[in-house]
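Colleague: I would like a close look at one part of this model, with its surroundings described in order. Please keep to what can be read from the coordinates.

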Amino acid sequence: MCAVIPRLKAPVSRKMITLEVRERVNLSPNFASVTLGGPELKDLVVTGADQTVRLFFPREGQRGLRMPTFSNETWMPELMLLPKSVRPWVRTLTIRRARPADDEVDIEFALHGNSPMSEWVRRVRPGDPAGIFDMGTTYRPPDDVGGQLVVADESALPAALAILDGAPESLAAQVFLEVPTAADIRRYDTTDGVHWLSRDDPGLRPGTLALEAVQRASLPHGRFYTWVAGESRLATSLRRHLVSERGAAKADISFAGYWRHGWSSPG
């Protein structure tokens with residue numbers, strides 16, 4: 001359940017794009033990457049680091065993928081009118097990497113138990129169908145900030161890493177990334193200013209370590225931009241802390257609750 005609705009910048013492309021799976025790679029105990037490809041990717045214009053898409057994928061037992069036909073706001077009612085026998089699952093995710101020359105995108109997944117998305121990722125094979133629909137971006141740092149703060153739990157880790165990949169070197173960053181276990185830490189992504197936090201305790205609420213770490217941290221001096229996403233309490237509590245205790249302007253914070261602990265898993 002998404003408790004905080006992110007303010008998305010309007011997407012450039014508004015077409016249903018049907019693709020196929022080209023590769024699946026297990027990244028760590030709780031993460032996997034799926035490469036999607038196909039000629040229809042020419043209709044996707046990547047405009048930001050956290051390019052958000054709706055991912056459509058078949059339910060277990062469905063022989064193919066039935067995508068909505070409308071490419072505007074009426075696609076959701078159309079989807080809900082389909083019988084479950086043909087209605088696909090749909091989830092909101094971030095493109096981790098785009099390779100337009102190869103007509104490919106990589107999407108990384110945080111795997112959670114036996115959720116529909118996690119089960120699909122575990123069983124998917126090259127040639128299986130999938131589809132995407134562009135939803136825009138939320139990461140939009142103002143031109144005149146001197147630094148940035150990026151905070152994410154596992155559900156927002158792919159978006160956070162995509163942001164770091166594209167961040168200008170002139171924008172100094174403090175980054176706090178929380179993952180389920182130490183085995184999920186991306187050693188090759190570790191740089192100055194990036195703090196990895198592993199819960200290792202399945203009873204600890206996701207986002208707790210990241211929130212506490214930021215509350216204790218020495219943050220960028222002067223005006224800085226914040227992008228935080230993940231479990232809803234992490235997003236809302238961090239925004240409240242930055243505004244009330246650090247003097248940050250609300251307009252300089254982009255925050256999104258991808259899911260709510262105890263109500264649903266991010267998959």
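Which residue stands opposite Arg54 in S6? Please start from there and work outwards through the strands and what packs on them.

Modeller: The model is predicted, and what follows should be read with that in mind. The residue opposite Arg54 in S6 is Phe133. Arg54 falls within strand S3, residues 52-57, which pairs with S6 in the antiparallel sense over five bridges. S6 also has a partner in strand S1, residues 17-28; these two run antiparallel and are joined by four bridges. In that second pairing, Glu20 stands opposite Pro129 of S6.

Strand S6 itself covers residues 129-136, and seven of its eight residues are buried, so the strand is largely enclosed by the rest of the structure. Gly136 belongs to this strand. With a relative accessible area of 0%, Gly136 falls under the 20% limit and therefore counts as buried.

Phe133 takes part in an aromatic cluster together with Phe56 and Trp75. The model has five aromatic pairs in total. In one of them, the ring centres of Phe56 and Trp75 are 5.4 Å apart and the planes stand at 75 degrees, so this pair is edge-to-face. The two residues come from distant parts of the chain, 19 residues apart: Phe56 is in strand S3, while Trp75 is in helix H1, residues 75-80. Phe56 is buried at 0% relative accessible area, and Trp75 is buried as well, at 3%.

Two arginines are placed over aromatic rings. The charged end of Arg59 sits over the ring of Trp89, at 3.9 Å from the ring centre. Arg186 lies over the face of Phe31, and there the distance to the ring centre is 5.1 Å.

Now the wider arrangement. S6 is one of six strands that close into a barrel, in the order S1-S2-S5-S4-S3-S6, with antiparallel pairing. From one strand to the next, the twist averages 45 degrees. As a general point, side chains in a regular strand alternate between the two faces of the sheet.

Elsewhere in the barrel, strand S2, residues 31-37, runs antiparallel to S5 and is joined to it by seven bridges. Gly37 has Glu104 as its bridge partner in S5. Helix H3, residues 157-166, lies across S2, S4 and S5, and runs at about 25 degrees to S4.

Strand S5, residues 104-110, holds Asp106. The relative accessibility of Asp106 is 7%, which is under 20%, so Asp106 counts as buried. Its side chain makes a polar contact of 2.6 Å with the side chain of Arg99. Another polar contact, of 2.7 Å, joins the side chains of Asp106 and Thr35. Leaving aside residues up to four places away in sequence, Asp106 touches Ser33, Val34, Thr35, Ile95, Arg96, Arg97 and Arg99.

The loop between S4 and S5 contains Asp103. Most residues other than glycine have a negative phi. Asp103 is not a glycine, yet its phi is positive, at about 55 degrees. Its relative accessibility is 26%, so Asp103 counts as partly exposed.

A positive phi is also found at Asp200, again not a glycine, with a value of about 65 degrees. Asp200 lies in the loop between S9 and H4. Its relative accessible area of 47% lies between the 20% and 50% limits, so Asp200 is partly exposed. To place this loop against the strand you asked about, the C-alpha atoms of Gly136 and Asp200 are separated by 33 Å, with their positions 64 residues apart along the chain.

Helix H4, residues 208-216, has these buried residues: Thr208, Ala210, Leu211, Ala213 and Val214. They pack against three strands and a helix, namely S7 (147-152), S8 (172-179), S9 (194-198) and H5 (232-245).

To return to the starting point, Phe133 stands opposite Arg54 across the pairing, and Phe133 shares an aromatic cluster with Phe56 and Trp75. The strand that carries Phe133 is largely enclosed by the rest of the structure, because seven of its eight residues are buried.

Key: Residues numbered from 1 in each chain as written. Predicted model: local features only at pLDDT ≥ 70, side-chain atom pairs only at ≥ 80, totals over all residues. Heavy atoms only, no water. Buried < 20%, exposed > 50% of the residue type's maximum accessible area, 1.4 Å probe, protein only. Polar contact = N/O pair within 3.5 Å; in protein donor to acceptor, adjacent residues only side chain to side chain. Contact = heavy atoms within 4.5 Å. Pairing = 2+ DSSP bridges. Phe/Tyr/Trp six-rings, centres within 6.5 Å; stacked < 30°, edge-to-face > 60°. Lys NZ or Arg CZ within 6 Å of the ring centre and 35° of its normal. Axes fitted to C-alpha atoms, helices over the stretch in contact; angles between N-to-C directions.
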